Amino acid sequence: MKAYVINLERSVERREYMEKQLKEMVCLQPEFVEAVDGRCMVEEERKRLFDDELFRKRNAAVARPGEVGCTLSHQKCYRKIVGENEPYVLILEDDIRIPDYEEFRNVLTKIDTLMKTDEPLIILLSGWYWYWNASPLAGNYKLANVYDAFLTHSYVINRAAARLLIEERPFIIADDWGYIRKKNIRLRAVLPHLVEQNWDGSIVTTVNVEPNKRKNIGWYMKNCIRLSILKTLSLCGHFEKA
């Protein structure tokens, strides 16, 4: 399977870290994609490439430079998929960790078959998602029907879904999976998740270094139904931790 690995050009240590892991992933054909650094964008460029006004209306906050860069990096991948006529691609960020290479290969072989469809489809390999139900996938792994999720460090996307996600001036962050699902894209996830982010401190973030935003009361009121569903799914055991 073709894999796009998002990496800032100056992040040589991260590239070397991923290259070492990729040697173990014999089932992948990796290609590094240069990430967009939102912190280096001048105001005019940001206005041209990202719709801050619509983002504020949706999120009741201003997008952090790292979020803008992350979103534009994934948009770059979607354009590459469509432009190069790839049937489907695994998108990876450069701070991931594969706990079990054998299980990864086995499940990815099954996913490879599922992605051969004209229906817009994304399958998350990461955790931190809420789901309705799940069906057998491979061995002890299942395929979950996702309601909402966060994280963008590892997912398989086909050309039909990538085409729907390409926007001239996006106004969402890359992991706004609730918005993405509403674009008639089937959102699935491997249960339990296959890929983790490396949070052991050896890999320092080079993107989102700004403090997290605080949500205001307007955001909570706007999202009260969604938040209630997330809480209910969590109470029912339908939440996969990262």
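1. Partly exposed means a relative accessible area between the buried limit, under 20%, and the exposed limit, over 50%. Arg15 falls in that class, with a relative accessible area of 34%. Please keep in mind that this is a predicted model.

2. Start with Arg15 and its partner. Arg15 forms a salt bridge with Glu19. Their closest N and O atoms are 3.2 Å apart. Both residues sit in helix H1, 4 residues apart, so about one helical turn separates them. Glu19 is partly exposed too, with a relative accessible area of 33%.

3. How many salt bridges does a search of the whole structure find? The count is 20. Side chains of opposite charge can pair when their charged atoms come close. The points below take up further pairs from the search.

4. Asp37 forms a salt bridge with Arg10. Here the closest N and O atoms lie 2.6 Å apart. Asp37 belongs to the loop between strand S2 (29–34) and helix H2 (43–49). Arg10 belongs to the loop between strand S1 (2–7) and helix H1 (12–22). The pair therefore ties together parts that are 27 residues apart in sequence. Is Asp37 buried or exposed? Asp37 is buried, with a relative accessible area of 13%.

5. Lys80 and Glu31 also meet in a salt bridge through their side chains, at 2.7 Å from N to O. This pair links distant parts of the chain. Lys80 is in helix H4 (residues 65–83), Glu31 is in strand S2, and their positions lie 49 residues apart in the numbering. Lys80 counts as buried because its relative accessibility is 19%, and the limit for buried is under 20%. Glu31 is partly exposed, at 26% relative accessible area.

6. Which residues join Lys80 and Glu31 in one network? They are Lys2, Glu84 and Glu86. The network arises from salt bridges that share partners.

7. Now the cysteines. The structure holds 0 disulfides. A disulfide is a covalent bond between the sulfur atoms of two cysteines. For Cys70, the closest cysteine sulfur is in Cys77, 9.8 Å away, so the two are too far apart for a bond. The cut-off is a sulfur pair within 2.5 Å.

8. Cys236 is in no disulfide either. Its nearest cysteine sulfur belongs to Cys224 and is 19 Å away. Cys236 is exposed, with a relative accessible area of 53%.

Conventions: Residues are numbered from 1 along each chain as its sequence is written. This is a predicted model: local features need pLDDT of at least 70, side-chain atom pairs count only at pLDDT 80 or more; totals for chains, interfaces and linings use all residues. Side-chain values use heavy atoms; hydrogens and water are left out. A salt bridge is a side-chain nitrogen of Lys or Arg within 4 Å of a carboxyl oxygen of Asp or Glu. Helices (H or I, at least four residues) and strands (E, at least two) are DSSP runs, numbered from the N terminus. Buried means under 20% relative accessible area, exposed over 50%, partly exposed in between (1.4 Å probe, protein chains only).
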